[in-house]
Structure formats: C-alpha cells, structure tokens
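Got your viewer open? Here's a short walk through one model, stop by stop, with something to select at each.

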Amino acid sequence: MAYDLLRTAVSRICGADPASLTIGRTEHGKPFFVERRDIHFSISHAGEYILIAIGSEPLGVDIEMRRPVSYEQIGRRIMTDPEYEAFLEREDREAEFYRK
C-alpha cells in the first residue's frame, strides 16, 4: 500500500503514469525509482501509520509508535544532572520527554 501511495504522489509531481515507476533496490536495500533517479524518497511504517517523504536530494524519515517506557530510566541515561532534576520536577514527564 505504501508504495502505491508513493507512486501516485510521484506521478502527480512528475506527470508519469504510476505504473511506469519501477522501484529498484541498491546493494544495501534502499529503494529507488529506476526511471527517476532524480527523485528521492523515504518510507516508514508504524502500526497503522505510513510516513512518506519525497525530495530532490537524499532524505530519510522514521516514525515510531509511542509505547510504555520508563522515562525516568531513559532520562537518567541521556540527560545531564540539571536536565534530569528539572525533568523530575515536571508533572507530565511523557510530554516533557518528547518536547522539542
């Protein structure tokens, strides 16, 4: 399904017939359009979600499902002491953890 959506989107961008867009794979398994090496894309799946990015330069996307984790344990490993102390003071630690 994701590749059908990708072909449809790219066909609208470049005016090609979706059926004419052949997907090949590099020696490392990265997919590419055989006929349109100038169009780069990345696809990620998570649960019922699909994320597709299309561009003129190499790119990559990743989508993950949130799952129950110990934000305190992860925070302790990746945060500085001041960051971790401020994190522990927050009431909604999950929201704080994912905040940019």
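## Stop one: the core

Select Ala 2, Leu 6, Val 10, Leu 21, Phe 33, Ile 39, Phe 41 and Ile 43: these eight residues form the largest nonpolar core. Colour by element and you'll see that helix H1 (2–14) and E3 each supply two or more residues to this core. H1 gives the largest share, three residues. Keep in mind as you go that this is a predicted model.

Now centre on Phe 41, which sits in strand E3 (residues 40–46). Is Phe 41 buried or exposed? Phe 41 counts as buried because its relative accessibility is 3%, and the cut-off for buried is under 20%. Show what surrounds this ring: beyond the neighbours within four places in sequence, Phe 41 is in contact with Tyr 3, Leu 6, Ile 23, Lys 30, Pro 31, Phe 32, Phe 33, Ala 53, Ile 54 and Leu 59. Pick Pro 31 from that set and draw a distance: Pro 31 is ten residues from Phe 41 along the chain, and their C-alpha atoms are 8.1 Å apart.

Hop across to Leu 6 next. Ignoring residues up to four places away in sequence, Leu 6 touches Ile 23, Phe 33, Phe 41, Ile 43, Ile 52 and Ile 54.

## Stop two: Ser 42

Slide along to Ser 42, also in strand E3. With a relative accessibility of 9%, Ser 42 counts as buried. What does its side chain reach at 3.0 Å? Zoom in and you'll find the backbone nitrogen of Val 61 there. For the wider surroundings, select Leu 51, Ile 52, Ala 53, Leu 59, Gly 60 and Val 61, which Ser 42 contacts once neighbours within four places in sequence are set aside.

## Stop three: a patch outside

Switch on the surface and highlight Met 1, Leu 5 and Ile 50, which make a nonpolar surface patch of about 320 Å². Met 1 belongs to the segment before H1. Its relative accessible area is 73%, so Met 1 is classed as exposed.

## Stop four: salt bridges

There are five salt bridges in the structure; here are a few to click on.

- Arg 7 and Asp 4: their closest N and O atoms lie 3.9 Å apart. The two are three residues apart in helix H1, so about one helical turn separates them. Arg 7 is partly exposed at 21% relative accessibility, while Asp 4 is exposed at 52%.
- Arg 36 and Asp 38: here the closest N and O atoms are 2.8 Å apart. Both ends have some accessibility, with Arg 36 partly exposed at 26% and Asp 38 partly exposed at 42%.
- Arg 93 and Glu 72: the closest N and O atoms of this salt bridge are 2.8 Å apart. Arg 93 is in helix H4 and Glu 72 in helix H2 (residues 71–78), so this pair ties together parts 21 residues apart in sequence. Arg 93 is partly exposed at 26%, and Glu 72 is partly exposed at 28%.

## Last stop: Glu 96

Stay on helix H4 (residues 93–98) and select Glu 96. Buried or exposed: which is Glu 96? At 17% relative accessibility, the label is buried, because the cut-off is under 20%. To see what is around this side chain, add Phe 87 and Arg 90, which Glu 96 touches when residues up to four places away in sequence are left out.

Note on methods. Residues numbered from 1 in each chain as written. Predicted model: local features only at pLDDT ≥ 70, side-chain atom pairs only at ≥ 80, totals over all residues. Heavy atoms only, no water. Helix = DSSP H or I, 4+ residues; strand = E, 2+ residues; numbered from the N terminus. Buried < 20%, exposed > 50% of the residue type's maximum accessible area, 1.4 Å probe, protein only. Contact = heavy atoms within 4.5 Å. Core = buried A, V, L, I, M, F, W, Y, C linked by side-chain atoms within 4.5 Å. Patch = residues over 30% accessible without salt bridge, like charges linked within 9 Å, V, L, I, M, F, W, Y side chains within 5 Å. Areas by Shrake-Rupley, 256 points an atom, 1.4 Å probe, with all protein chains shown as cover. Salt bridge = Lys/Arg side-chain N within 4 Å of Asp/Glu carboxyl O. Polar contact = N/O pair within 3.5 Å; in protein donor to acceptor, adjacent residues only side chain to side chain.
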